[in-house]
Amino acid sequence: QVQLVESGGGSVQAGGSLRLSCAASGATDTIHRMSWYQQAPGRQREFVASITRGGRTKYANYVKGRFTIILFNDEKPVTVQLNNQKPQDSGVYFCNAGSALDLQSWGQGTQVTVSS
């Protein structure tokens, strides 16, 4: 079992930046991939970015060039840098940990609000 705690959310104006972190505890040696998802009001949770233990990254098209996910290890949290933010980036951001057997763990989420 993996426990996840997000931090770093807040309010910014359009064009601003935030850095979100996700601390993992428990069976962290089982984690194969860590991901971030966004849930905007009235919408389903959507994929934002992911990184594997080997450092392979993947991004949703709408964040490419603006968001950067940083390599993690067992001691340090995974971090995503959100730059040049837009109002549509607002929502609750969730951290997700996936094992090689596709077992999933979720954090409680952190709120991001981008004003125009």
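1. Let me start with the core. The largest nonpolar core has 25 residues, and M34, W36, I69 and V78 are the members that touch the most others. Many strands feed into this core: β1, β3, β4 (31–39), β5 (46–52), β7, β8, β9 and β11 (110–115) each supply at least two residues. Please keep in mind throughout that this is a predicted model.

2. Next, the open sheet. Four strands build it in the order β1-β3-β8-β7, and their pairing is antiparallel. At the edges sit β1 (2–7) and β7, each of which pairs on one side only. Direction ignored, neighbouring strands of this sheet are turned by 15° against each other on average.

3. Within that sheet, you may like to look at the pairing of β3 and β8. Strand β3 covers residues 18–26 and pairs with β8 in the antiparallel sense over five bridges. If you want a landmark for finding this pairing on screen, L18 stands opposite L82 in β8.

4. How many salt bridges does the structure hold? There are two, and they are worth viewing one after the other. In one of them, the side chains of E46 and R43 meet, with an N to O distance of 2.9 Å. E46 has 29% relative accessibility and therefore counts as partly exposed. R43 is partly exposed as well, with a relative accessible area of 49%; the cut-off for exposed is over 50%, so R43 stays in the partly exposed class.

5. The other salt bridge joins D89 and R66, whose closest N and O atoms are 2.7 Å apart. This pair links distant parts of the chain, 23 residues apart: D89 is in the loop between β8 (78–82) and β9 (91–99), while R66 is in the loop between β6 (57–59) and β7 (67–70). Are D89 and R66 buried or exposed? Both D89 and R66 are buried. When you compare the two salt bridges, then, note that E46 is partly exposed and R43 is partly exposed, whereas D89 and R66 are buried.

6. The loop between β8 and β9 also holds S90. With a relative accessible area of 16%, S90 is buried, because the class takes in residues under 20%. A polar atom of the S90 side chain lies 2.9 Å from the backbone oxygen of P87. Which residues does S90 contact, leaving aside its neighbours within four places in sequence? The list is Q38, A40, P41, V112, T113 and V114.

7. Two backbone angles deserve a quick check on your side. N84 is not a glycine, yet its phi is positive, at about 50°. N84 is found in the loop between β8 and β9, and at 42% relative accessibility this residue counts as partly exposed. D102 likewise has a positive phi, near 70°, in a residue other than glycine. Where is D102 placed? D102 is in the loop between β9 and β10 (104–106). With a relative accessible area of 56%, D102 is exposed.

8. If you have time for one region alone, I would pick the loop between β8 and β9. D89 of the salt bridge to R66 lies in this loop, as do S90 and N84. In that loop you can view buried S90 alongside partly exposed N84.

Notes:
Residues are numbered from 1 along each chain as its sequence is written. This is a predicted model: local features need pLDDT of at least 70, side-chain atom pairs count only at pLDDT 80 or more; totals for chains, interfaces and linings use all residues. Side-chain values use heavy atoms; hydrogens and water are left out. A salt bridge is a side-chain nitrogen of Lys or Arg within 4 Å of a carboxyl oxygen of Asp or Glu. Buried means under 20% relative accessible area, exposed over 50%, partly exposed in between (1.4 Å probe, protein chains only). Two strands pair if DSSP finds at least two bridges between them. Axes are lines fitted to C-alpha atoms, for helices over the stretch in contact, and angles run from 0 to 180 degrees between N-to-C directions. A nonpolar core is a set of buried Ala, Val, Leu, Ile, Met, Phe, Trp, Tyr and Cys residues joined through side-chain atoms within 4.5 Å. A polar contact is a pair of N or O atoms within 3.5 Å; within protein, one must be able to donate a hydrogen and the other to accept it, and residues adjacent in sequence count only if both atoms are side-chain atoms. Contact means heavy atoms within 4.5 Å.
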